Amino acid sequence: MKVEHILDLLSKLDKNDEVFCLLYLREEANDYAEQNEIPEPNDEEWSQIVHHMNTDDGIYEEASGSFVWALEKMIDKREKTK
């Protein structure tokens, strides 16, 4: 995702709104490369990594499952306090 798109989304929110966002920066890939003594990803490789992360259904399934779990936990807690 281009940063421009993220900034557009964020600009529509109140500065005090709370959101969850999973964000990986290129620096993290570079740090991983350095720690593992391999070359940093070049521009093309980084674009491929970003594309993979944006289109990997497994990531979204896991995130969605965790989101639903958190909602259900909140509902259960709310019902117990009634």
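**Entry 1: Ala33 and Asn30**

I looked up Ala33 first and found that Ala33 touches Ile38, Pro39, Glu40 and Pro41 when residues up to four places away in sequence are not counted, where contact means heavy atoms within 4.5 Å. This is a predicted model, in which local features need pLDDT of at least 70 and side-chain atom pairs count only at pLDDT 80 or more, while totals for chains, interfaces and linings use all residues. I also note that residues are numbered from 1 along each chain as its sequence is written, and that side-chain values use heavy atoms, with hydrogens and water left out.

Ala33 lies in helix H2, and I take helices from DSSP runs (H or I, at least four residues; strands are E, at least two), numbered from the N terminus. With a relative accessible area of 1%, Ala33 is buried; the classes I use are buried for under 20% relative accessible area, exposed for over 50%, and partly exposed in between, with a 1.4 Å probe and protein chains only.

I then turned to Asn30, whose place is also in helix H2, and which is buried at a relative accessible area of 16%. Leaving aside neighbours within four places in sequence, I find Asn30 in contact with Glu40 and Pro41.

**Entry 2: the loop after H2**

Which residue in the loop between H2 and H3 did I look up next? I chose Glu37, which lies in that loop and has a positive phi of about 55 degrees although it is not a glycine. Most residues other than glycine have a negative phi. Glu37 is exposed, with a relative accessible area of 75%.

**Entry 3: salt bridges**

How many salt bridges does the rule give? I count 2 salt bridges, the rule being a side-chain nitrogen of Lys or Arg within 4 Å of a carboxyl oxygen of Asp or Glu.

One salt bridge is formed by Asp43 with Arg26, the closest N and O atoms being 2.8 Å apart. Because Asp43 lies in helix H3 (residues 43-55) and Arg26 in helix H2 (residues 26-35), this pair ties together parts that are 17 residues apart in sequence. Asp43 counts as exposed at 56% relative accessibility, whereas Arg26 is partly exposed at 26%.

In a salt bridge between Lys12 and Asp8, the side chains meet at 3.3 Å, N to O. Here Lys12 is exposed, with a relative accessible area of 61%, and Asp8 is partly exposed, with 36%.

**Entry 4: Ile6 and the largest pocket**

I looked up Ile6, whose place is in helix H1, and which counts as partly exposed at 23% relative accessibility. Leaving aside neighbours within four places in sequence, Ile6 is in contact with Met1 and Leu23. Between Ile6 and Asn30 I noted 24 residues in sequence and 22 Å in space, C-alpha to C-alpha.

The largest pocket has a volume of about 1,300 Å³. Of the 30 residues that line the largest pocket, Met1, Ile6, Cys21, Leu22 and Leu23 are the closest to its centre. The elements giving two or more residues to this lining are H1, H2, H3 and helix H4 (57-80). For the term itself, I use a 1 Å grid over the protein atoms alone, on which a pocket is an open set of points with protein on both sides within 12 Å along at least five of seven lines, and lining residues have an atom within 4 Å of a point.

**Entry 5: a nonpolar patch**

Finally I noted a nonpolar surface patch of about 470 Å², made by Val3, Leu7, Leu10, Leu13 and Val19; such patches take residues with over 30% relative accessible area and no salt bridge, nonpolar side chains being joined within 5 Å. Leu10 has its place in helix H1 (residues 3-11) and counts as partly exposed at 45% relative accessibility.

Terms used: Patches are made of residues with over 30% relative accessible area and no salt bridge: like charges are joined within 9 Å, nonpolar side chains (Val, Leu, Ile, Met, Phe, Trp, Tyr) within 5 Å. Accessible areas come from the Shrake-Rupley method with a 1.4 Å probe; for residues, only the protein chains shown count as cover. On a 1 Å grid over the protein atoms alone, a cavity is a set of points where a 1.4 Å probe fits but cannot get out, and a pocket is an open set with protein on both sides within 12 Å along at least five of seven lines; lining residues have an atom within 4 Å of a point. Grid points are joined across faces, edges and corners, and a volume is the space filled by probe spheres set on the points.
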